[in-house]
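Visitor: I should like to request a close look at a single part of this model, namely its aromatic ring pairs and the hairpin that takes part in them. Please state each cut-off as its term arises, and then place that part in its wider setting.

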Amino acid sequence: MIKKFWCFALLIVLCFSFSSCAKTKKATESAFCLDTMINITCYGQNASEAAKAAVSEIRRIEFLLSPYIETSEIYQINHNAHKSPCKISDETAFVIGQALEFCSLTDGAFDITIKPLVDLWNIKAENPIPPTDEKVNEAKQKVDYSLVTLKDGFISFAKEGMMIDLGGAAKGYACDKAVEILKSYGIKNAILDLGGNIYAMGQSEKKAPWRIGLQDPSGERGEYFDVVELSDLSCVTSGSYERYFEYDGKIYHHIINPHTGKCADTGLISVSVVADSSFQADMLSTAIFVMGEEEFEKIKDNFSIKKYVVVDKTNNWRAY
């Protein structure tokens with residue numbers, strides 16, 4: 001019997017209102033983009049226009065980087081880069097270039113060529129079933145970031161069947177770009193929530209950093225185990241409790257280890273990263289989940305992060 005579960009309550013905004021500031025304009029925009037619900041609330045004289053523009057920017061990035069939209073650059077890359085080098089835009093080259101650097105720094109714990117394995121596991125299916133070891137090993141042969149060549153605005157794959165999936169990076173990049181849009185409208189105080197990717201701009205009504213609760217993986221929605229304070233910072237959480245299914249009494253989640261081709265298993269069920277950049281925090285939350293905290297501690301100095309928090313399978317948590 002197959003049971004499928006979804007949980008998106010990764011972060012809880014604890015201090016979220018400027019209601020005491022009667023003259024401060026507030027606007028909220030929500031939409032479904034990048035395979036998740038996004039919510040942007042901002043405050044200022046141009047709040048309404050800014051929030052709409054930020055959502056439009058996120059949609060633009062989705063149409064640029066989604067591997068499932070046929071007109072996107074990533075879709076075109078995935079279907080042609082094994083044949084001959086593909087010319088890509090400066091923006092797409094930047095995103096892929098940054099992501100490939102993270103692939104290298106994490107020794108492939110984060111790997112943008114993971115899509116063959118993501119497709120194989122097909123966790124979004126109505127009735128997902130774990131693939132056989134033979135199928136996993138076959139898909140693994142197509143997963144290797146070092147076989148991607150990015151040079152002078154062109155990208156190519158060394159193997160047929162290789163494909164890019166920026167699912168562990170696109171939301172973070174889109175969040176950072178949305179923040180830039182809000183700032184261009186003069187917005188100083190805002191909360192952006194892109195399905196677990198949080199960016200808090202400025203301060204709360206108490207003239208203090210925003211307080212963000214980290215969802216307790218074993219608790220009810222809205223129950224948190226720790227609070228992080230953010231001011232012009234992002235907090236991104238990756239967790240095995242976010243998307244998973246049960247098959248024959250065993251739990252399978254959506255975070256795949258590129259090296260094994262199977263669900264990452266380092267004893268962790270949640271990783272939250274606080275950093276200046278949501279793009280960076282997005283990629284690192286996945287990488288830490290895959291490699292584990294002990295291995296990440298060995299390379300931590302290669303990254304600029306403020307804090308990271310892990311929860312293990314015994315529901316104990318640690319902050320670094």
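**Aromatic pairs and their hairpin**

Guide: Ring pairs link F102, F296, F303, Y308 and Y320 into a cluster; rings of Phe, Tyr and Trp (its six-membered ring) pair if their centres lie within 6.5 Å, and planes under 30 degrees apart count as stacked, over 60 as edge-to-face and the rest as tilted. The model is predicted, so that local features need pLDDT of at least 70 and side-chain atom pairs count only at pLDDT 80 or more, while totals for chains, interfaces and linings use all residues. Residues are numbered from 1 along each chain as its sequence is written, and side-chain values use heavy atoms, with hydrogens and water left out.

By the ring criterion, the count of aromatic pairs comes to nine. Among them is the tilted pair of W121 and Y252, with 5.8 Å from centre to centre and 40° between the planes. Because W121 belongs to helix α4 (residues 115–121) and Y252 to strand β14, this pair ties together parts that are 131 residues apart in sequence; helices (H or I, at least four residues) and strands (E, at least two) are DSSP runs, numbered from the N terminus. W121 is buried at a relative accessible area of 7%, and Y252 is also counted as buried, at 14%; buried means under 20% relative accessible area, exposed over 50%, and partly exposed in between, with a 1.4 Å probe and protein chains only.

Y252 also forms a stacked pair with F245, at 5.3 Å between centres and 20° between planes. F245 is buried, with a relative accessible area of 0%. Within the strand pairing, F245 stands opposite Y252 in β14. Strands β13 and β14 run antiparallel and are joined by four bridges (two strands pair if DSSP finds at least two bridges between them).

The hairpin of β13 and β14 has two residues between the strands, and in it D248 takes a positive phi near 50°. D248 is not a glycine, and its place is in the loop between β13 (243–247) and β14 (250–253). At 59% relative accessibility, D248 counts as exposed.

D152 offers a further example of positive phi in a residue other than glycine, with a value near 55°. This residue is found in the loop between β6 (148–151) and β7 (154–157), and its relative accessibility of 66% makes it exposed.

A polar side chain in a buried position is that of Q215, which has 2% relative accessibility and sits in strand β10 (residues 210–215). The side chain of Q215 reaches the backbone oxygen of E220 at 2.9 Å, and a polar atom of that side chain lies 3.3 Å from the backbone oxygen of E223.

As to the wider setting, the largest nonpolar core has 74 residues, and L182 and L192 are those with the most contacts inside it; such a core is a set of buried Ala, Val, Leu, Ile, Met, Phe, Trp, Tyr and Cys residues joined through side-chain atoms within 4.5 Å. Apart from this core lies another, of 16 residues, including L214, L230, C235 and V309. Leaving aside residues up to four places away in sequence, L182 touches I40, C42, A50, A51, A54, I187, A190, L192 and M201, where contact means heavy atoms within 4.5 Å.

Terms used
A polar contact is a pair of N or O atoms within 3.5 Å; within protein, one must be able to donate a hydrogen and the other to accept it, and residues adjacent in sequence count only if both atoms are side-chain atoms.
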